[in-house]
Number of protein chains: 2
Amino acid sequence: MTALPSAAEVRQAIQGCLLSALPRPETASRPELAQFARMLRDYPERGGKMLRGALLVYTGLAYGAALEQLLPVAAALELFQNWALIHDDIEDGSDERRGKPALHRIYGVPLALNAGDALHALQWGLLVQAGVPQGVLLEFVRLVERTAQGQHLEIAWMEGQRLDLTEADYLEMVGLKAAYYTAVAPLRLGVLVAGGEPPQAFEEAGMKLGTGFQIVDDVLNLKGDPAKYGKEIGGDLWEGKRTLVLLHFLRNAGPEERQRAERLLCLPRPQKPAAEVAWLHHRLISSGALAYAERVAEGFLEEGLGRLRPLLQEAPRRAFGARVVELLEGLVRREA
Amino acid sequence: MTALPSAAEVRQAIQGCLLSALPRPETASRPELAQFARMLRDYPERGGKMLRGALLVYTGLAYGAALEQLLPVAAALELFQNWALIHDDIEDGSDERRGKPALHRIYGVPLALNAGDALHALQWGLLVQAGVPQGVLLEFVRLVERTAQGQHLEIAWMEGQRLDLTEADYLEMVGLKAAYYTAVAPLRLGVLVAGGEPPQAFEEAGMKLGTGFQIVDDVLNLKGDPAKYGKEIGGDLWEGKRTLVLLHFLRNAGPEERQRAERLLCLPRPQKPAAEVAWLHHRLISSGALAYAERVAEGFLEEGLGRLRPLLQEAPRRAFGARVVELLEGLVRREA
C-alpha cells in the first residue's frame with residue numbers, strides 16, 4: 001500500500017507534474033516563443049493552494065488508485081484552474097492574481113487570452129498522454145462546460161445590471177461557476193481514476209462543500225489579509241460581483257441605502273467613486289451581511305462534510321479518507 | 001465500399017454532426033443559458049466552407065476509414081476553427097466574421113471569450129464521446145498548441161511594432177498559425193482515424209498547401225469580393241497584420257514610401273487615417289506586391305500538390321484520393 005504522503009508532498013508532486021507538461025523558455029526556437037513559454041508558466045509558477053488537486057489525490061488514494069495514476073489528473077485539474085483564471089481575470093477586468101499583476105496587465109489582453117488557450121490544450125495533452133480512462137475525459141468536459149455556464153450567468157448579470165436576484169439565483173450560479181470544479185469534480189475524478197463509479201452522494205456533498213468554499217472566498221474578498229489573499233481586497237465591489245453578502249445586504253437595507261448601493265453598482269469600474277465603494281464595503285460588514293454569509297458558508301460546509309464522512313469511512317483505504325475530511329475541514333478556517 | 005459522397009453532402013453531414021454536439025436554446029433552464037447556447041451556435045450556424053473537415057473526410061475515406069468514424073473528428077476540427085475564430089477576432093479587434101459582426105461586437109468581450117472556452121471544451125467532448133484513438137487526441141493537442149504559437153508570433157510582432165521581418169519569419173509564423181491546422185492536421189487525422197500511420201511526406205506537403213492557402217487569404221483580404229469574402233476588405237491593413245504582400249512591398253519600396261507605410265502601420269487602429277490606409281492598399285496592388293504574393297501562393301500550392309498526388313494515388317481507395325486533390329486544387333482559384 002502507498003505510504004501516506006503529507007499535504008505538502010502531494011502539492012509539490014502535483015506542481016512538478018504540472019510544470020513538466022509546460023514548454024520551457026530555454027529550449028524555445030526564438031525569443032518570442034521563449035516569451036510564450038514564460039507566459040504559460042507564469043500563473044502555475046506563482047504557486048497556489050492546489051487544494052483541488054490534493055482533494056483529488058487523497059480521494060483517489062482512498063479508493064485504491066496509485067499516486068502515479070492520480071498525479072497527471074490532479075495536475076490537469078490545476079492546469080484547468082490556471083487557464084480559467086487567466087481568462088476570468090480578463091473577463092472581470094481584475095488587476096491582481098496571487099499577489100502579482102494579472103497576466104493581461106503584464107502582456108495585454110490578446111497575448112494573455114492566447115496563452116490561456118494554449119494552457120487549455122495542454123490540460124488535455126496531459127490527460128491524453130497519461131492514457132486516462134474515457135470517464136475521466138468526460139468528467140473534464142463536464143467541468144469545463146459547467147464552469148463556463150456559471151461564468152456566463154455571472155457576467156450576464158453584471159453587464160445586464162441585474163440586482164433583482166434571489167439567494168437561489170446566486171446558489172445556482174456559484175454551483176456552476178465554482179462548486180462543481182472545486183469539489184464535485186475532484187471527488188468524482190479520484191474515484192474514476194481508481195476505476196470505480198463515483199457514489200451519487202458525492203455530487204450533492206461536493207456541491208455543498210464547493211458552494212461553502214466560494215462563499216468563504218466572497219467573505220475573504222471583503223475582509224481577508226491582503227498578503228495572504230493574493231487579490232485586491234474589495235475587488236468584487238469594484239467589479240460589481242453579485243455575492244451572497246451583497247444580495248443579503250440589498251434585501252435587508254432600507255430604501256435609501258438600497259438605492260445608494262444600486263447606483264454605485266451600476267457604474268462601470270473607472271467611474272465608481274472610491275468613497276462610495278468604501279461606504280458600501282463598511283456597510284456590508286457593519287450591517288451583519290458578511291456575518292450572515294459566514295454562517296451560511298459554515299452551514300454548507302458542515303452539511304457537505306456530514307454527508308461525505310460516512311462515505312469516506314467506507315472507502316477501501318480509510319486512512320486516506322480521513323485526510324480528505326481534514327483537507328475539507330480546513331476550508332472553513334482558511335485565510336486564502 | 002462507401003459510395004462517393006459529394007462535397008456538399010460531406011459539408012452538410014459535418015455541419016449536422018457539429019450542431020448536434022452543441023446545447024440548444026430551447027432546452028435551457030433559464031434565459032441567460034438560452035443566450036449562452038445561442039452564442040455557442042452563432043459562428044457554427046453562419047456556415048463556413050468546412051474545407052478542413054472535408055479534406056479530413058476525403059483523406060480518411062481514401063485510407064479506408066468509414067464516414068461515420070470520420071464525421072465527429074471532422075466536426076471537432078470545425079469546432080476548433082470556430083472557437084479559435086471567436087478568440088482571434090477578440091485578439092485582432094476584428095469587426096466582422098462570415099459577413100456578420102464578430103461575436104464580441106454583439107455580446108462584448110467577456111461573454112464572447114467565455115463562449116469560446118465552452119466551444120473548446122465541446123470540441124474535446126465530441127472526440128471523447130466518439131471514442132477516437134489516442135493518436136487523434138494527441139494530434140488535436142498538437143494542432144491547438146502550434147496554432148497558439150503562431151498566433152503569439154503574429155500578435156507579438158504587431159504589438160512590438162516589428163517591421164524588420166524576413167520572408168522566412170513570415171513563413172514560420174504562417175506555418176504555425178494557419179498551415180498546420182488547415183492542411184497538415186486534416187491529412188494526418190484522416191489517416192489516423194483509418195488506423196494508419198500518416199506518411200512523413202504529408203507534413204511537408206501540408207505545410208506547403210496550408211501556407212499557399214493562407215497567402216491566398218492575405219490576397220483576398222486586399223482584393224476579394226466583399227460579399228463572398230465575409231470579412232472587411234483591407235481589414236489586415238487596419239489591424240496591422242504582417243503579410244507577405246506587405247513585407248514584400250516594404251522590402252522593395254523607396255525610403256520615402258517605406259517610411260510613410262511604417263508610420264501608418266505603427267498607429268493604433270482608431271488613429272489610422274483612412275486616406276493613408278487607402279494609399280497603402282492601392283500601392284500594395286499597383287507596386288506588384290500583391291501579384292508577387294499570388295505567384296508565391298501558386299508555387300506553394302503546386303509544390304504541395306505535386307508531393308501529395310503520388311501518395312494519394314497509392315492510397316487504398318484511389319477515387320477518394322482524387323477528390324482530395326480536386327478539393328486542394330480549388331484552393332488556388334477560391335474567392336472566399
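In this predicted model, the side chains of R97(A) and D89(A) are joined by a polar contact of 2.6 Å. R97(A) sits in strand β1 of chain A, which covers residues 96–97. With a relative accessible area of 11%, R97(A) is buried. Leaving out residues up to four places away in sequence, R97(A) touches Y43(A), R46(A), L85(A), D89(A), A102(A), G230(A) and K231(A). D89(A), the partner in the polar contact, is thus one of the residues that R97(A) touches.

**A residue facing the other chain**

A good next stop is N114(A), which belongs to helix α6 of chain A, residues 109–129. Its relative accessible area is 4%, so N114(A) counts as buried. Which residues does N114(A) contact, leaving aside its neighbours within four places in sequence? They are F36(A) from chain A, together with E91(B), A148(B), Q151(B) and H152(B) from chain B. For a sense of distance, take A275(A): its C-alpha lies 37 Å from that of N114(A), and the two are 161 residues apart in sequence.

**Where the two chains meet**

Now let us step back to the interface itself. Here 44 residues of chain A are in contact with 44 residues of chain B. The size of an interface is often given as the accessible area lost when the parts come together. For chain A and chain B this buried area is about 4100 Å², with 67% of it on carbon and sulfur atoms. Three residues, R30(A), V128(A) and H152(A), supply 15% of the area that chain A buries against chain B, more than any other three residues.

Polar links cross the interface too: 17 residue pairs are in polar contact there, both members having pLDDT 80 or more. On the chain A side, five helices each supply at least two residues that touch chain B: α2 (31–45), α4 (67–92), α6, α7 (134–159) and α8 (167–193). Helix α7(A) gives the largest share, with 15 residues. Sorted by character, the residues of this side of chain A divide into 23 nonpolar, 12 polar and 9 charged.

How are the two chains related in space? A turn of 180 degrees with a shift of 0.0 Å along the axis lays chain A on chain B with an RMSD of 0.0 Å. That is the relation of a two-fold axis. Of the interface residues of chain A, 100% are also interface residues in chain B, so the copies meet through the same surface.

**Salt bridges, between chains and within them**

Side chains of opposite charge can pair when their charged atoms come close. Over all chains, the whole structure holds 56 salt bridges, and 6 salt bridges are found across the interface of chain A and chain B. The table lists some of the pairs.

| Salt bridge | Closest N and O atoms |
|---|---|
| R30(A) and D169(B) | 3.2 Å |
| D169(A) and R30(B) | 3.2 Å |
| R307(A) and E204(A) | 2.3 Å |
| E294(B) and K223(B) | 2.8 Å |

Take the salt bridge between R30(A) and D169(B). R30(A) lies in the loop between α1 (7–20) and α2 of chain A, while D169(B) lies in helix α8 of chain B (residues 167–193), so the pair joins two chains. Are these two residues buried or exposed? Both R30(A) and D169(B) are buried. They also belong to a network of salt bridges that links R30(A), E32(A), R162(B), D164(B), D169(B) and E172(B).

Other pairs stay within one chain. The salt bridge of R307(A) with E204(A) links distant parts of chain A: R307(A) is in helix α15 (residues 289–313) and E204(A) in helix α9 (residues 201–223), 103 residues apart. R307(A) is partly exposed, with a relative accessible area of 34%, and E204(A) is partly exposed as well, at 41%.

In chain B, E294(B) and K223(B) meet in a salt bridge of 2.8 Å, N to O. This pair also links distant parts of its chain, with E294(B) in helix α15 (residues 289–313) and K223(B) in helix α9 (residues 201–223), 71 residues apart. E294(B) has a relative accessible area of 26%, so this residue counts as partly exposed. K223(B) is partly exposed too, with a relative accessible area of 46%.

Methods:
Residues are numbered from 1 along each chain as its sequence is written. Chains are lettered from A and ligands numbered from 1 in the order in which they are written. This is a predicted model: local features need pLDDT of at least 70, side-chain atom pairs count only at pLDDT 80 or more; totals for chains, interfaces and linings use all residues. Side-chain values use heavy atoms; hydrogens and water are left out. Helices (H or I, at least four residues) and strands (E, at least two) are DSSP runs, numbered from the N terminus. Buried means under 20% relative accessible area, exposed over 50%, partly exposed in between (1.4 Å probe, protein chains only). Contact means heavy atoms within 4.5 Å. Buried area is the accessible area (1.4 Å probe) that two parts lose on being put together, summed over both. A salt bridge is a side-chain nitrogen of Lys or Arg within 4 Å of a carboxyl oxygen of Asp or Glu. A polar contact is a pair of N or O atoms within 3.5 Å; within protein, one must be able to donate a hydrogen and the other to accept it, and residues adjacent in sequence count only if both atoms are side-chain atoms. Ala, Val, Leu, Ile, Met, Phe, Trp, Tyr, Cys and Pro count as nonpolar, Asp, Glu, Lys and Arg as charged, and the others, Gly among them, as polar. Copies are superposed by least squares on the C-alpha atoms of residues with pLDDT of at least 70 in both.
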